[in-house]
Amino acid sequence: MNDALESLLDLLTLERIEEDIYRGQSRPAVVPRVFGGQVAAQALVAAGRTVPADRPPHSLHAYFLRPGDPGAPIVYTVDRIRDGRSFTTRRVVAVQHGQQIFHLTASFHAHEEGMEHQEPMPRVPDPLTLPTAAEMLPRYADRFVGEGVAQRLLEARAAVDLRYVDEPPFATAGRVREPRSQVWFRTQGKLDGDTGIPRPLLDICLVTYVSDMTLLDSVLLAHGRGGWAVGDVVGASLDHAMWFHRPLKADEWLLYDQESPTAQGGRGLGKGRIFTAEGQLAVSVIQEGVIRAPRA
């Protein structure tokens, strides 16, 4: 486990300040606001700390209301909506500087047997045959706006080994491509120690964190845009929904298959499926974000 992953786990280990009220810290992101995946993961940790460990999350629905301030703590208040025989529901409100910045509703479900089917996993290269971020990002440093962007991207993703199956949007800016993107990812090290967060909740929260990193890439590809690092779009996540279907481990390879069915009105929609290396469909993700050309 590297230092960046230990730092990320520290971010997810929230401080309890009162019954159902928790405080989380932030760290600088590559853009001047709190990374959306961090807020979503911390809110899910807060909700999970009020639910029995044998009842992991099966879905979440969230709205990003205001940009978070990376220099200030975030307070998460959990509302215990329902505790049923099979399902538990929680609502979480994240507050900074006296204003709500994020809402999350999560549902938790005890395991039970039932009908099974799934879509097949796409055929993709083995992740170990693909370049790491440290190998790939410096190649495109001359395309990024401002100095140090490649290094900031590396630092932001240092806790995660994330490898693109095809070239990322910033590598082909100016060329329209199929609105589909695929990445393999896993944590930079095994999650063997006591983190204070029980598994599988920890694995699900880490996957929630990563799920916001690349989901809107497919929107950019459809329009030949490279993203904020290239300077040809501005944007932010608006809402985020996830469904957790089958067990997964965040420290083992996961394939994130992403596509964009539509973009309109300054908004773009991304859909994702996360598969285990064995081909099990573990997670479905949908996100809408603001995608705009920069103003002159």
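Select Arg-163 and Asp-161 to begin: their side chains meet in a salt bridge, 3.0 Å from N to O. The term stands for a side-chain nitrogen of Lys or Arg within 4 Å of a carboxyl oxygen of Asp or Glu. Both Arg-163 and Asp-161 are buried, a word used here for under 20% relative accessible area, with exposed meaning over 50% and partly exposed in between (1.4 Å probe, protein chains only).

A word on what is on your screen. This is a predicted model, in which local features need pLDDT of at least 70 and side-chain atom pairs count only at pLDDT 80 or more, while totals for chains, interfaces and linings use all residues. Residues are numbered from 1 along each chain as its sequence is written, and side-chain values use heavy atoms, leaving out hydrogens and water.

**More charged pairs**

Next, pick Glu-288 and Arg-267, another salt bridge at 3.0 Å, N to O. This pair links distant parts of the chain, with Glu-288 in strand E12 (residues 281-292) and Arg-267 in strand E11 (residues 267-276), 21 residues apart. Helices (H or I, at least four residues) and strands (E, at least two) are DSSP runs, numbered from the N terminus. Glu-288 counts as buried at 18% relative accessibility, whereas Arg-267 is partly exposed at 35%.

Now select Arg-16, Glu-19, Asp-20 and Arg-80, which salt bridges with shared partners join into one network. Within it, Glu-19 bridges to Arg-16, the closest N and O atoms being 2.7 Å apart. Glu-19 is partly exposed at 45%, and Arg-16 is partly exposed at 46%. The full count is 15 salt bridges.

**Aromatic pairs**

How many aromatic pairs does a search of the whole structure find? There are 6. Rings of Phe, Tyr and Trp (its six-membered ring) pair if their centres lie within 6.5 Å; planes under 30 degrees apart count as stacked, over 60 as edge-to-face and the rest as tilted.

Try Phe-35 with Tyr-209: the ring centres are 5.1 Å apart and the planes at 80°, so this pair is edge-to-face. Phe-35 sits in the loop between strand E2 (21-24) and helix H2 (36-48), and Tyr-209 in helix H5 (residues 201-211), 174 residues apart. Tyr-209 is buried, at 4% relative accessibility.

Move on to Trp-184 and Trp-253, an edge-to-face pair with 6.4 Å centre to centre and 80° between the planes. Trp-184 belongs to strand E8 (residues 180-187), and Trp-253 to the loop between strand E9 (234-244) and strand E10 (254-264). Trp-184 is buried at 4%, as is Trp-253 at 11%. Then highlight Tyr-140, Phe-144 and Phe-170, which form one aromatic cluster.

**Into the core**

A nonpolar core is a set of buried Ala, Val, Leu, Ile, Met, Phe, Trp, Tyr and Cys residues joined through side-chain atoms within 4.5 Å. The largest has 70 residues, and those with the most contacts inside it include Phe-102 and Phe-144. Select Phe-102: beyond its neighbours within four places in sequence, its contacts (heavy atoms within 4.5 Å) include Val-39, Ala-43, Tyr-63, Leu-65 and Val-92. Apart from the largest core lies another, of 7 residues, among them Trp-184, Trp-253, Leu-255 and Phe-275.

**Last stops**

Select helix H2: 13 of its 13 residues are buried, so the helix is largely enclosed by the rest of the structure.

Finally, colour by pLDDT, the predictor's confidence in each residue, from 0 to 100. The protein chain averages 93, and 98% of the residues score at least 70. Among its elements, helix H4 (residues 149-156) has the lowest mean, 84, and strand E3 (residues 57-64) the highest, 98.
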